[in-house]
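Hi,

Here is the structure I promised to pass on. Have a look at it first, and then read my notes underneath.

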Amino acid sequence: MKSHPGAPSQLDAEYADPTALRVRIETHRRFSEHPHDPQADVLAAIDLAGTEYLADIGCGDARFLASLAEAGHQGPLVGVDTAATMVAAAAIIPGVRGILADATRMPFEDNTFDILTARHMLYHVPEPAAALTEFRRTTKPGGTVVLVVNRPGNTPRIRELITAHAATYGIDPTTAPPYTVDSESLPPLLEAAFGTAQLLYRDNALVFETPEPLIRFAESLFTFDGITPGHPARPAILTDLTADIEDWFRYHPGEAWRDPKGYLVATSKVAV
Ligand SMILES: C[S@@+](CC[C@H](N)C(=O)[O-])C[C@H]1O[C@@H](n2cnc3c(N)ncnc32)[C@H](O)[C@@H]1O
């Protein structure tokens, strides 16, 4: 998994608008073979009393923080993200602060948080070990850090199809933002940063019985295969891919499109 200089700006473009993220979240919720609820797994891992100072790093559209606030969490809640739109989504929730910052350089004192969560974001950070050091620095001794990352090569069938179509328009997949960490490479990093971690693996699959939700999901992944939001070939690639997916369902009547996926919930304690 290599890093390259183009990665941050492509990610900025991807997360300037929450629409694609929302399509992915909704697709996983509706089209998973087994129940898919990483938020419930994180809540089970942190076992909140309701008064903790909690930071959610890479907070996205802040639905996790919103659910905590709605549930009556009394302690301070803060959402950190590199995308201004996501920070704004956090900041409009009563009782939640939104902070525009990078996970590797956060404007917080040492030993600030009781709980720090970083859900489905660490793989976007070019130096995940540096983010873990920052998570440990800002979390109190005895505090809890919970991370969610994907298993390697999630949904390989649709990713291969997207990459193949992108290649016909000269798009090199290695120009896409790389995934810097996954469920296999995270545990040794946690071991180095925190000493230990509790690991919960969730294996699952996306299953589509009709083309439309698969096409929408594929489009929501385009940036991660080098097809950026403003790329001139993007509409043509979407047209070609749509035809291909519709053909697949036409030629496989009664069959569902199944694509394996999964994630790891890793929980570490900061040593006292
Ligand atoms: C896949 S989304 C996950 C959002 C949310 N945590 C969730 O699970 O729905 C990744 C989020 O991490 C943010 N992000 C990416 N790199 C980051 C970094 N270095 N520091 C902070 N946030 C980052 C993105 O802007 C985006 O909102």
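Below is what turned up, starting with the ligand and moving on to two helices and a few loop residues.

Before anything else, keep in mind that this is a predicted model.

**The ligand**

The ligand has 18 residues around it, and the closest are Tyr15, Gly58, Asp81, Ala103 and Arg119. Three of these come with a distance. Asp81 uses a polar side-chain atom, which sits 2.5 Å from a ligand oxygen. Gly58 works through its backbone instead: an N or O atom there is 2.7 Å from a nitrogen of the ligand. Ala103 also has a backbone N or O atom by a ligand nitrogen, at 2.9 Å. How much of the ligand does the protein bury? On its own the ligand would expose 590 Å², and 94% of that is buried by the protein.

**Helix 10**

Next, go to helix 10, residues 234-251. With 18 residues at 1.5 Å a residue, the helix should span 26 Å, and the end C-alpha atoms are indeed 26 Å apart, so expectation and model agree. Its buried residues are Arg234, Ile237, Leu241, Thr242, Ile245, Trp248 and Phe249. Around the axis they take up an arc of only 135 degrees, which means that they sit on the same side of helix 10. The spacing makes sense if you remember that an α-helix has 3.6 residues a turn, so residues three or four places apart point the same way.

What do those buried residues pack against? Their partners are helix 7 (156-168), strand 6 (198-208), helix 9 (211-220) and strand 7 (257-269). On the face turned away from the buried side you'll find Pro235, Thr239, Arg250 and Tyr251, which are exposed.

**Helix 2 and His36**

Helix 2 can be read in a similar way. Its 13 residues should span 18 Å at 1.5 Å a residue, and the distance between the end C-alpha atoms is 18 Å, which agrees. Ala20, Leu21, Arg24, Thr27, His28 and Phe31 are buried in helix 2. Seen down the axis, they fall within an arc of 135 degrees, so they line one face of the helix. Arg29 and Arg30 are exposed on the face turned away from that side.

His36 lies in the loop between helix 2 (19-31) and helix 3 (38-46). Is His36 buried or exposed? With a relative accessible area of 18%, His36 is buried, because the cut-off for that is under 20%. Setting aside neighbours within four places in sequence, His36 touches His28, Arg29, Asn204, Lys261 and Tyr263. With Lys261, the side chain of His36 makes a polar contact of 3.0 Å. For a sense of scale, the C-alpha atoms of His36 and Thr239 are 30 Å apart, with their positions 203 residues apart along the chain.

**Other loop residues**

Thr180 belongs to the loop between helix 7 and helix 8 (186-194). Thr180 counts as buried at 15% relative accessibility, and its side chain reaches the backbone oxygen of Val125 at 2.7 Å.

Finally, two residues have a positive phi without being glycine. Ala62, with a phi of about 70 degrees, is in the loop between strand 1 (54-57) and helix 4 (63-70), and it is buried at 1% relative accessible area. Asn111 has a phi of about 55 degrees and is placed in the loop between strand 3 (96-100) and strand 4 (113-119). At 42% relative accessibility, Asn111 is partly exposed.

Cheers

Key. Residues are numbered from 1 along each chain as its sequence is written. This is a predicted model: local features need pLDDT of at least 70, side-chain atom pairs count only at pLDDT 80 or more; totals for chains, interfaces and linings use all residues. Side-chain values use heavy atoms; hydrogens and water are left out. Helices (H or I, at least four residues) and strands (E, at least two) are DSSP runs, numbered from the N terminus. The expected span of a helix is 1.5 Å times one less than its number of residues. Buried means under 20% relative accessible area, exposed over 50%, partly exposed in between (1.4 Å probe, protein chains only). The arc is that of the directions from the helix axis to the C-beta atoms. Contact means heavy atoms within 4.5 Å. A residue is near a molecule or strand if one of its heavy atoms lies within 4 Å of it. A polar contact is a pair of N or O atoms within 3.5 Å; within protein, one must be able to donate a hydrogen and the other to accept it, and residues adjacent in sequence count only if both atoms are side-chain atoms. Accessible areas come from the Shrake-Rupley method with a 1.4 Å probe; for residues, only the protein chains shown count as cover.
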